[in-house]
Amino acid sequence: MRRKSFDCRRLAAAAAVGGMSLLGRAQVTEYQQHQWLNTPAASSHIGNLTGRPKAAAMVYRRYCVVCHGELGDGNGESAQWVDPKPRDFTLAIFKCRSTPTGTLPTDEDIYDTIARGLDRSNMPPWNTFTRQERADLVAWIKHFSPRWQTEKPGQRIEIPPEPEITPERIKAGQDVYARVQCWKCHGAEGRANGPSASTLQDDLGRPILPYNFAEGGRFKCGTTDRDLYRIFMTGMDGTPMPSFADNIKPEEAWNLVFYLRTLQPFPSKQKEIAKPLGLKPINPNATGP
Amino acid sequence: MNRNHKRTLVAVAAALGLASVAGLIAGNRVSAAGSGSITGTVKLSGSPPHMKGIDMSKDPYCVKQHENNPAKMENVVVGADGGLQNVVLYISEGLSGPEASATPSEEPVVDQHNCMYVPHVVAMDVNQKYKVTTTDQTTHNIHPLPAPGTGNIGWNKSQPAGAPPIETTWKAPEAISVKCNIHPWMHGWHVVVKGPYAISDASGTYTIKNLPPGSYTVTAWHEEYGTQTQKVTVAAGQPGKADFTFKAK
């Protein structure tokens, strides 16, 4: 670890001397993080809980450091064996947010992610922690990145109440799936085999798979209809999944949720209602001009 | 004329004099800011690297758009006389005062056209608004990937056919790499600089405008060949000149 922070400083010095202001890379040092630890930004507020970062130091060392690393940069000693890679908390880029793309998540977002875990990754659900421990961990996570010192979390995405499921809505949802071309990655039948699926990369340049609806695994950011709705609007930062907030209206988003439920392999109200429609999978070649 | 009267007259004259001098200074500054410029040509020496053709078969729409003009990579675009296109030129030293802090009001545009970024490199001032548009009948996602710690924060937004433009700004100087995950060959640069800038055209020529007379350091940035700098002096009514030559690897 000492070696690592030394390298960081050397990198920063090289960047400064080389006059690479345009392409410079500032690194986060242990010393900076130590200072951020004592700022008001490094605390958390979840309901009536207040998280104190220092209270989480032991828990983090015991359970999290092996992947997320001493500096929270995702370079723990097991990180090399893990894929997708552990979050780099110094960047403060998170998949599961209730806030727009490019903004910080709320304290609740991180709190929920800790207990939920991230399916199809090495992050298990840490629902064994007490609520207070989780709140403290949120505060601890926030002391790793300079972004919490200068930025506020984004505005929460408003989700209107879920309307009644109708056959028309399911049909309209399929039209949204075709129009905004979800199938480019997720496939015409939601089998994660769209034309662009095989070349997708995350922000680290590592291969990543789109969600396979036909397989029906747990969604990474929550299993409810509202969680699914939210993902269209927030995108999953750090991955190829973009935000559709500017291009899918709230009404359409609910229709899309209903349609996507019919692609999953378990019984659902949506499937029941869609049955008489006899929906055929969209034809990728028929869409477009 | 009594004494009081005289005093008033003197005061009025002094005020008038001051006002006219102030006007002169202000006038000078306005004309100076508009008059100065730096021009030059950017060239590539040696044989330009081969730009690979692009296989767009993932998206039949994209293939169709390039039926008669096969698409190729745009990392190095060289004109007839070796002029190097898509080089961003900006003032890295010597600017101060209003010229350094002014934000241009015009909005650069980068369009997603025929599954390519047009232009491949777009430059802008810090906090200058610019637009990302689409004229394609296929969905794109715009995914800028700023380096950590620069002060710029990345995002990822979709633009299906007919989507409204995305209007945005960047906070800090940086050459930001921009991708479309749906079409992996689509890669461009949004280059954010501080102060006046220019991009070299198809013949490699450029003009940085709106400079007051003075001595400057001009930096030329190219995505493959890195940066070069030159010192240039701009005199009143006489543009500075700086030619750059990058060497093909």
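## Close-up views of chains A and B

**View 1. Helix H7 of chain A and its neighbours.** H7, covering residues 167-179 of chain A, has 13 residues and reaches 18 Å from its first C-alpha to its last, close to the 18 Å expected at 1.5 Å a residue. Bear in mind as you look around that this is a predicted model. The buried residues of H7(A) start with A:Arg169 and A:Ile170, carry on through A:Gly173 and A:Gln174, and finish with A:Val176, A:Tyr177 and A:Ala178. What do these buried residues of H7(A) pack against? Their partners are three helices of chain A: H8 (183-186), H10 (250-263) and H11 (269-274). Follow the chain just past H7(A) and you come to A:Gln181, which takes a positive phi of about 60°. As a reading aid, an α-helix makes a turn every 3.6 residues, so residues three or four places apart point the same way.

**View 2. Helix H5 of chain A, a mostly covered helix.** H5 takes in residues 131-142 of chain A, and its 12 residues should span 16 Å at 1.5 Å a residue; the end C-alpha atoms sit 17 Å apart, so the two agree. How many of the 12 residues in H5(A) are buried? The count is 9, and the helix is mostly covered. Those buried residues are A:Arg134, A:Ala135, A:Asp136, A:Leu137, A:Val138, A:Ala139, A:Trp140, A:Ile141 and A:Lys142. Around them in chain A, the buried residues of H5(A) pack against strands E1 (44-46) and E2 (49-51), plus helices H3 (57-68), H4 (107-116) and H6 (147-150).

**View 3. The second largest pocket and its lining.** About 910 Å³ of space lies in this pocket, the second largest. Its lining adds up to 43 residues. If you want to find the middle, look for A:His186, A:Leu209, A:Pro210, A:Tyr211 and A:Met236, the lining residues that lie nearest the centre of the second largest pocket. Three helices of chain A, namely H8, H9 (225-234) and H10, each supply at least two residues of the lining. Which helix gives the largest share of the lining of the second largest pocket? That is H9(A), with 4 residues. H8(A) and H10(A) also turn up in View 1, where the buried residues of H7(A) pack against them.

**View 4. Chain A as a whole.** Stepping back, chain A has 11 helices and 2 strands. Reading from the N terminus, the elements go α-α-β-β-α-α-α-α-α-α-α-α-α. Of the 289 residues in chain A, 52% are buried. Take the contacts in chain A with a separation of 6 or more: residues 24 or more positions apart account for 63% of them. Chain A exposes about 14600 Å², and carbon and sulfur atoms supply 54% of that area.

**View 5. Strand E1 of chain B and its three partners.** E1 covers residues 36-45 of chain B and is mostly covered, with 7 of its 10 residues buried. Strand E13 (residues 205-211) of chain B runs antiparallel to E1(B), and 5 bridges join the two. Here B:Gly36 has B:Leu211 in E13(B) as its bridge partner. Strand E16 (residues 240-241) of chain B runs parallel to E1(B) and is joined to it by 2 bridges; B:Thr39 stands opposite B:Lys241 in this pairing with E16(B). Strand E17 (residues 244-247) of chain B also runs parallel to E1(B), over 4 bridges, and there B:Lys43 stands opposite B:Thr245. When tracing side chains, remember that in a regular strand they alternate between the two faces of the sheet.

**View 6. Strand E3 of chain B, with a parallel and an antiparallel partner.** E3 (residues 109-113) of chain B pairs in the parallel sense with strand E6 (residues 130-134) of chain B over 4 bridges. B:Val109 stands opposite B:Lys131 in E6(B). In which sense do E3(B) and strand E4 (residues 116-118) of chain B pair, parallel or antiparallel? They pair in the antiparallel sense, over 3 bridges, and B:Gln112 stands opposite B:Tyr117 in E4(B). E3(B) and E4(B) form a hairpin with 2 residues between them, and B:Asn114 in the turn has a positive phi of about 50°.

**View 7. Chain B as a whole.** Chain B has 3 helices and 17 strands. Buried residues make up 46% of its 249 residues. The exposed area of chain B is about 12000 Å², with 56% supplied by carbon and sulfur atoms.

Methods:
Residues are numbered from 1 along each chain as its sequence is written. Chains are lettered from A and ligands numbered from 1 in the order in which they are written. This is a predicted model: local features need pLDDT of at least 70, side-chain atom pairs count only at pLDDT 80 or more; totals for chains, interfaces and linings use all residues. Side-chain values use heavy atoms; hydrogens and water are left out. The expected span of a helix is 1.5 Å times one less than its number of residues. Buried means under 20% relative accessible area, exposed over 50%, partly exposed in between (1.4 Å probe, protein chains only). Contact means heavy atoms within 4.5 Å. Two strands pair if DSSP finds at least two bridges between them. Accessible areas come from the Shrake-Rupley method with a 1.4 Å probe; for residues, only the protein chains shown count as cover. On a 1 Å grid over the protein atoms alone, a cavity is a set of points where a 1.4 Å probe fits but cannot get out, and a pocket is an open set with protein on both sides within 12 Å along at least five of seven lines; lining residues have an atom within 4 Å of a point. Grid points are joined across faces, edges and corners, and a volume is the space filled by probe spheres set on the points.
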